[in-house]
Structures are given as structure tokens and as C-alpha cells.
Amino acid sequence: MRLDLFLKLSRLCPRRTIAQQLCDAGVIMLNGRPAKSAHAVKAGDEITVRRRNRETTARVLSVPAVANVSRRQANELIEILREIELDPLSN
């Protein structure tokens, strides 16, 4: 499954277009490396999403076979490893 679609389904990003823009900007890391939106995601991967004031790292537990998942199922796709509040002056 594509990274941008997985970010949308797991609720790490609200929309696929936003996920694509974040990937293009280089703020989405897959296993410690900047990732393109078309990169394939598999179970066990670590995804880091950096936003203005927060950095979230999650581990992929499973990849859905369907294009739509419920909120309950979305929570079962990832495990949040850490969530760091960033200092706004350090950027």
C-alpha cells in the first residue's frame, strides 16, 4: 500500500493530498529516511511525521487490504511509539 494512502487510513494525516504534500516537503520519514508518497508500506515499518510543534513516530502493525477502514480499525493499524512537543523557536 502506498505511504500517502496509509497515512490517510491510519488517521496520521486528515487527507491523502495533505499526506502527499508532507512527503514532497520531506517531513515524513519512513524507517529514518525521507520517503516519497508512492513508497510501499509494510508491517514493522516506522513512520515519523513532523509538524510545526510536534513530531510523532508510529510503528505499522498491519496494512489493510481494503481502501476504507473504520476509526476503530484505524487505531489497530499503528502503534504510537513517541510523540514529542517541539520548541517553536528551534525550527
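**View 1. Aspartate 4, a buried residue of helix α1.** In this predicted model, aspartate 4 has a relative accessible area of 0%, so this residue counts as buried. Aspartate 4 belongs to helix α1, and that helix spans residues 3-9. Who are its partners further along the chain? Setting aside residues up to four places away in sequence, aspartate 4 touches Arg16, Ala19, Gln20 and Ser37. One of these, Ala19, lies in helix α2 and is buried as well, and Ala19 appears again in the next view.

**View 2. Helix α2 and its buried face.** Helix α2 covers residues 16-25. Which of its residues are buried? Ala19, Leu22 and Cys23 are. Looking down the axis of α2, you find these buried residues within an arc of 100°, so they line one face of the helix. It helps to recall that an α-helix has 3.6 residues a turn, so residues three or four places apart point the same way. Among the elements that cover the buried residues of α2 are α1 (3-9) and β1 (28-30).

**View 3. The other side of α2, and what comes after it.** Turn to the face of α2 that points away from its buried side, and you meet the exposed residues Gln21, Asp24 and Ala25. Follow the chain onward and α2 gives way to glycine 26. The phi of glycine 26 is positive, near 85°.

**View 4. Arginine 11, in the loop between α1 and α2.** Arginine 11 sits in the loop that joins these two helices. Its phi is near 70°, a positive value in a residue other than glycine. Is arginine 11 buried, partly exposed or exposed? Its relative accessibility is 42%, so arginine 11 counts as partly exposed. Leaving out neighbours within four places in sequence, arginine 11 is in contact with Val69, Ser70, Arg71 and Ala74. Have a look at asparagine 75 too: 64 residues separate it from arginine 11 along the chain, and the C-alpha atoms of the two are 8.2 Å apart.

**View 5. Asparagine 31, in the loop between β1 and β2.** Here is another loop residue to find: asparagine 31 lies between β1 and β2 (33-34). Asparagine 31 is not a glycine, yet its phi is positive, about 55°. With a relative accessible area of 45%, asparagine 31 is partly exposed.

**View 6. Stepping back to the protein as a whole.** How many helices and strands does the protein have? There are 3 helices and 5 strands. Starting at the N terminus, the elements follow the order α-α-β-β-β-β-α-β. The radius of gyration is 12 Å, close to the 12 Å that the globule rule gives for 91 residues, so the protein is as compact as a globular protein of that length. Along the principal axes, its C-alpha atoms fill a box of roughly 40 × 25 × 20 Å.

**View 7. Inside and outside.** Of the 91 residues in the protein, 35% are buried. Among contacts with a separation of 6 or more, 46% come from residues 24 or more positions apart. On the outside, the protein exposes about 5,800 Å², and carbon and sulfur atoms supply 49% of that area. The protein also carries 16 positive and 10 negative charges, and the mean positions of the two groups are 6 Å apart.

Key
Residues numbered from 1 in each chain as written. Predicted model: local features only at pLDDT ≥ 70, side-chain atom pairs only at ≥ 80, totals over all residues. Heavy atoms only, no water. Buried < 20%, exposed > 50% of the residue type's maximum accessible area, 1.4 Å probe, protein only. Helix = DSSP H or I, 4+ residues; strand = E, 2+ residues; numbered from the N terminus. Arc of directions from axis to C-beta. Contact = heavy atoms within 4.5 Å. Rg over C-alpha atoms; globule rule 2.2 N^0.38 Å. Areas by Shrake-Rupley, 256 points an atom, 1.4 Å probe, with all protein chains shown as cover. Lys, Arg positive; Asp, Glu negative; His and termini not counted. Charge placed at Lys NZ, Arg CZ, Asp CG, Glu CD.
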